[in-house]
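Please open the structure in a viewer and keep the selection tool at hand. The tour proceeds from one selection to the next.

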Amino acid sequence: MLELPEKLRFLVETMASVQNQNERVQMLLDFAERFKEVPEQVAQRPFPEQNRVAFCESEAYVWAEEQPDGTAKFYFAVENPAGVSAKALAYILDRTLSGVPLDQVLRVSPDIVMAIFRQNISMGKGMGLMAMVQTVQKLASDMIRNKHQ
Amino acid sequence: MAEVLDREVLDKGYAHPGAVVSTQWVADRLNDTNVRIIESNEDPLLYPSGHIPGAVQVDWTNDLNDPVKRDYISREAFEKLMSRIGVTPETTVVFYGDKNNWWATYAFWVFQLFNHTRAAVMDGGRLKWQKEGRPMTKEVPQFQPTQYRAPERNDAQIRAFREDVMEHLRNRGRLVDVRSPEEYTGKRLHMESYPNEGALRGGHIPGAANVPWSRAANPEDGTFRSADELKEIYLKEQGLNPKDPVIAYCRIGERSSHTWFVLKYLLGFENVKNYDGSWTEWGNLVNVPIEK
């Protein structure tokens, strides 16, 4: 796996160190419960298609708001109430990639999804969650491109 | 199937009413040691986030699929699973889950490969249970391990392999493609909002009727439609005959297990099989016929 921003690396290493399946599940559930949806001042329903994560059946949406220091604050919405894994990942991505230099965000491998969820995810579900990471990276990439225009 | 029939379900006119139980039937048996409630979902984190009290989780990936090859678990693994969840051959297992019981019927189907016939699906699944404000818990129950002796897995009765589909085609047998119209026509290689899990060609198996699986469910509460409504769809609209052999398929055999259940237990089709290789196999095979 490519280098990871510090907070994300710490989280991935922590998850990897937890051998007990139930403990890992509890950690992921805790992340999902802490998930906060995109605030109304950033986006309102109906959410625009352009912010929707392709191939994510949990109907996840992502937004990026540029910060004064040139980094991004990422926001998420998960419309499927049963999308517990998507909510957990949204919380993780916000907490570990918001405020991180954009070039570091671009170097994150979507494989972190498998490292985080491990056996708690099927192939199809894993691909949908990886698409959340890729959408975050696309928004970061757009932000970099806009800066250079 | 459930031995004590459910009045609420009987009114729906199904061919095998013991295969379905209502949420009330389950609520009345939360402490019945002869009944084991099993939750199966697409997202394995859903069960630990809250489930019916006393329910166990059976995960389609970790518990029902062979860990190496594309197949289902062996007899030995099934026996271990049943022992772990405290099921004996006399236990009635009741499946429920999210997405209109899509994964619950998939688990039900796998259990039938091992002939555990004391089985039913809770009508409406997780959605209806929650809508009715019934109790949920995060407590994971522990059961005394059982000694469960299962027969060898019998695929012949309810599972179709690609050779069976070829033979079925030669015999001009009926097929039901339960995917979305976009997948059926080849416009998409995967379900909307889902990733492509590897099909190289789009379209459908020649002659297959397209009846998206979810048409068999009421969207507001996930319950199965009544027998009359289902007959309207499968018999009248599609011209299927309950006496004819039918094969259902989708992408990897999960959505089609829902249709398999509907045809076999709710409408009484005598010979219906689920082709679990489905489009991820057929759409990759060399030189097989495909229609768009």
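The stops below begin with one whole chain, pass to the contact between the chains, and end within the second chain. Please note at the outset that this is a predicted model.

**Stop 1: chain A as a whole**

Select chain A and colour it by secondary structure. The chain contains 6 helices and 2 strands. Followed from the N terminus, its elements come in the order α-α-β-β-α-α-α-α. Along the principal axes, the C-alpha atoms of chain A occupy a box of roughly 50 × 35 × 25 Å. A compact globule of 149 residues would have a radius of gyration near 15 Å, and because chain A has 15 Å, the chain agrees with that expectation. Of the 149 residues in chain A, 42% count as buried. Contacts that span much of the sequence can also be examined here: of those in chain A between residues at least 6 apart in sequence, 66% link residues at least 24 apart.

**Stop 2: where chain A touches chain B**

Now display both chains and select the residues in contact across them. On this boundary, 21 residues of chain A are in contact with 14 residues of chain B. Which elements of chain A each supply at least two residues of the side that touches chain B? They are α2 (21-34), α3 (84-97) and α6 (123-147) of chain A. The largest share of this side, 6 residues, is provided by α6(A). Colouring this side of chain A by residue character shows 12 nonpolar, 7 polar and 2 charged residues.

**Stop 3: the sheet of chain B**

Hide chain A and select the strands of chain B. An open sheet of 5 strands appears, in the order β1-β5-β4-β2-β3 (chain B), and the pairing is parallel. At the edges are β1 (20-21) and β3 (56-57) of chain B, each of which pairs on one side only.

**Stop 4: strand β4 of chain B**

Select residues 92-96 of chain B, which form strand β4. Is this strand mostly covered or uncovered? Strand β4(B) is mostly covered, with 5 of its 5 residues buried. B:Thr92, B:Val94 and B:Tyr96 point one way from the strand, B:Val93 and B:Phe95 point the other way, and all are buried.

Add strand β2 of chain B, residues 35-39, to the selection: 5 bridges join β2(B) to β4(B), and the two strands run parallel. Two pairs of residues may be picked out. B:Arg36 stands opposite B:Val93, and B:Ile38 has B:Phe95 as its bridge partner.

**Stop 5: from β4 to β5 of chain B**

Next, select strand β5 of chain B, residues 119-122, which runs parallel to β4(B) and is joined to β4(B) by 3 bridges. The chain passes from β4(B) to β5(B) through helix α6 (residues 102-113) of chain B, and this β-α-β crossover is right-handed. Among the bridge partners are B:Val94 with B:Ala120 and B:Phe95 with B:Val121.

Strand β5(B) is covered on both faces: B:Ala119 and B:Val121 on one side, and B:Ala120 and B:Met122 on the other, are all buried. Include strand β1 of chain B as well; 2 bridges join β1(B) to β5(B), and these strands run parallel. Here B:Val21 stands opposite B:Met122.

**Stop 6: helix α5 of chain B**

Select residues 75-84 of chain B, the helix α5. Which of its residues are buried? They are B:Phe78, B:Leu81 and B:Met82. These residues lie on the same side of α5(B), because they cover an arc of only 95° around the axis. As a general point, an α-helix has 3.6 residues a turn, so residues three or four places apart point the same way. Show α4 (60-64) of chain B next, against which the buried residues of α5(B) pack. After α5(B) comes B:Gly86, whose phi is positive, near 70°.

**Stop 7: B:Asp71**

Finally, select B:Asp71, in the loop between α4 and α5 of chain B. Why does B:Asp71 count as exposed? B:Asp71 has 11 C-beta neighbours inside 10 Å and therefore counts as exposed, the cut-off for that class being 12 or fewer. To end the tour, add B:Asp276 to the selection: its C-alpha atom is separated from that of B:Asp71 by 9.1 Å, while the two residues are 205 residues apart along the chain.

Key:
Residues numbered from 1 in each chain as written. Chains lettered and ligands numbered in written order. Predicted model: local features only at pLDDT ≥ 70, side-chain atom pairs only at ≥ 80, totals over all residues. Buried ≥ 20, exposed ≤ 12 C-beta atoms within 10 Å, placed from the backbone. Helix = DSSP H or I, 4+ residues; strand = E, 2+ residues; numbered from the N terminus. Pairing = 2+ DSSP bridges. Right-handed = clockwise from strand over helix to strand, strands pointing away. Contact = placed C-beta atoms within 7 Å. Nonpolar A, V, L, I, M, F, W, Y, C, P; charged D, E, K, R; others polar. Rg over C-alpha atoms; globule rule 2.2 N^0.38 Å. Arc of directions from axis to C-beta.
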